[in-house]
Amino acid sequence: MAAVAAALDAAAGVFEERGDLVGLRQSVIDANAELRERELIKLASLSGALADALRERGVDELGAWLTAEAAIAVLKVGFRRWIDGGREGPLRPLLAECFDVLRTASAQQAVDAG
């Protein structure tokens, strides 16, 4: 998870640098169903690439897929919060907060199940 968090942190820097363009792009995507569908396809491809990279680092198949999908969920939720918040602050803390909430929820479920 640390590796994908670092990758998303790097991507966040690019989004932040291009804030106005990223916001305009997202508003165009939000207004068009076909573009939203294409965006989902891109995110699925990104998830696959993340899973492949994790497997290359020795992560087992299930762990790689779950970690990659969780990373995409963090990206989607953090990015949406950033866009909806008018890109007032940096994206990075929002992504970090999403990762923290995901870790806490996972840990709590493990405690509850045990």
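**Exercise 1.** In this predicted model, classify Phe-15 by its relative accessibility, then describe its ring pairing with Phe-79.

*Solution.*
Step 1. Phe-15 has a relative accessibility of 25%. Partly exposed covers the range between under 20% and over 50%, so Phe-15 counts as partly exposed.
Step 2. The search of the whole structure returns 2 aromatic pairs. One of them is formed by Phe-15 and Phe-79, with 5.3 Å centre to centre and 55° between the planes, and it is tilted.
Step 3. Phe-15 belongs to helix H1 and Phe-79 to helix H4, so the pair ties together parts that are 64 residues apart in sequence.

**Exercise 2.** Find how Trp-82 joins the ring cluster, and list what Trp-82 touches beyond four places in sequence.

*Solution.*
Step 1. Phe-79 has a relative accessible area of 11% and is therefore buried; Phe-79 and Trp-82 are both buried.
Step 2. The ring centres of Phe-79 and Trp-82 are 5.9 Å apart with planes at 50°, so this pair is tilted. The two residues sit 3 residues apart in helix H4, which means a separation of about one helical turn.
Step 3. Through ring pairs, Phe-15, Phe-79 and Trp-82 become a cluster.
Step 4. Leaving out residues up to four places away in sequence, the contacts of Trp-82 are Phe-15, Glu-16, Gly-19, Val-22, Arg-87, Gly-89, Pro-90, Leu-91 and Leu-94.

**Exercise 3.** Identify the elements that build the largest nonpolar core, and the residues with the most contacts inside it.

*Solution.*
Step 1. The largest nonpolar core holds 22 residues, and Leu-8, Trp-82 and Leu-95 have the most contacts inside it.
Step 2. Two or more residues each come from helix H1 (2-17), helix H3 (33-56), helix H4 (61-84) and helix H5 (92-113).
Step 3. H4 gives the largest share, 9 residues.

**Exercise 4.** Contrast Gln-26 and Val-28 by accessibility, and place both in the fold.

*Solution.*
Step 1. Gln-26 is in helix H2, and Val-28 is also found there, in residues 19-30.
Step 2. With a relative accessible area of 7%, Gln-26 is buried. Val-28, at 43%, is partly exposed.
Step 3. Beyond four places in sequence, Gln-26 touches Phe-79, Arg-80 and Ile-83. Val-28 instead forms a nonpolar surface patch with Leu-21 and Leu-24, about 290 Å² of accessible area together.

**Exercise 5.** Work through three of the salt bridges, giving N to O distance and location for Arg-87 and Asp-20, Asp-30 and Arg-80, and Arg-55 and Asp-52.

*Solution.*
Step 1. The whole structure contains 10 salt bridges.
Step 2. Arg-87 and Asp-20 meet at 3.1 Å, N to O. Arg-87 is in the loop between H4 and H5 and Asp-20 is in helix H2, 67 residues apart, so distant parts of the chain are linked. Arg-87 is partly exposed at 27%, whereas Asp-20 is exposed at 63%.
Step 3. In the bridge between Asp-30 and Arg-80, the closest N and O atoms are 2.9 Å apart. This pair also links distant parts of the chain, with Asp-30 in helix H2 and Arg-80 in helix H4, 50 residues apart. Asp-30 is partly exposed at 32%, and Arg-80 is partly exposed at 29%.
Step 4. Arg-55 and Asp-52 meet at 2.2 Å, N to O. They are 3 residues apart in helix H3, so about one helical turn separates them. Arg-55 is partly exposed at 25%, as is Asp-52 at 39%.
Step 5. Asp-9, Glu-16 and Arg-92 are joined into one network by salt bridges that share partners.

How values were computed. Residues are numbered from 1 along each chain as its sequence is written. This is a predicted model: local features need pLDDT of at least 70, side-chain atom pairs count only at pLDDT 80 or more; totals for chains, interfaces and linings use all residues. Side-chain values use heavy atoms; hydrogens and water are left out. A nonpolar core is a set of buried Ala, Val, Leu, Ile, Met, Phe, Trp, Tyr and Cys residues joined through side-chain atoms within 4.5 Å. Buried means under 20% relative accessible area, exposed over 50%, partly exposed in between (1.4 Å probe, protein chains only). Helices (H or I, at least four residues) and strands (E, at least two) are DSSP runs, numbered from the N terminus. Contact means heavy atoms within 4.5 Å. Patches are made of residues with over 30% relative accessible area and no salt bridge: like charges are joined within 9 Å, nonpolar side chains (Val, Leu, Ile, Met, Phe, Trp, Tyr) within 5 Å. Accessible areas come from the Shrake-Rupley method with a 1.4 Å probe; for residues, only the protein chains shown count as cover. A salt bridge is a side-chain nitrogen of Lys or Arg within 4 Å of a carboxyl oxygen of Asp or Glu. Rings of Phe, Tyr and Trp (its six-membered ring) pair if their centres lie within 6.5 Å; planes under 30 degrees apart count as stacked, over 60 as edge-to-face and the rest as tilted.
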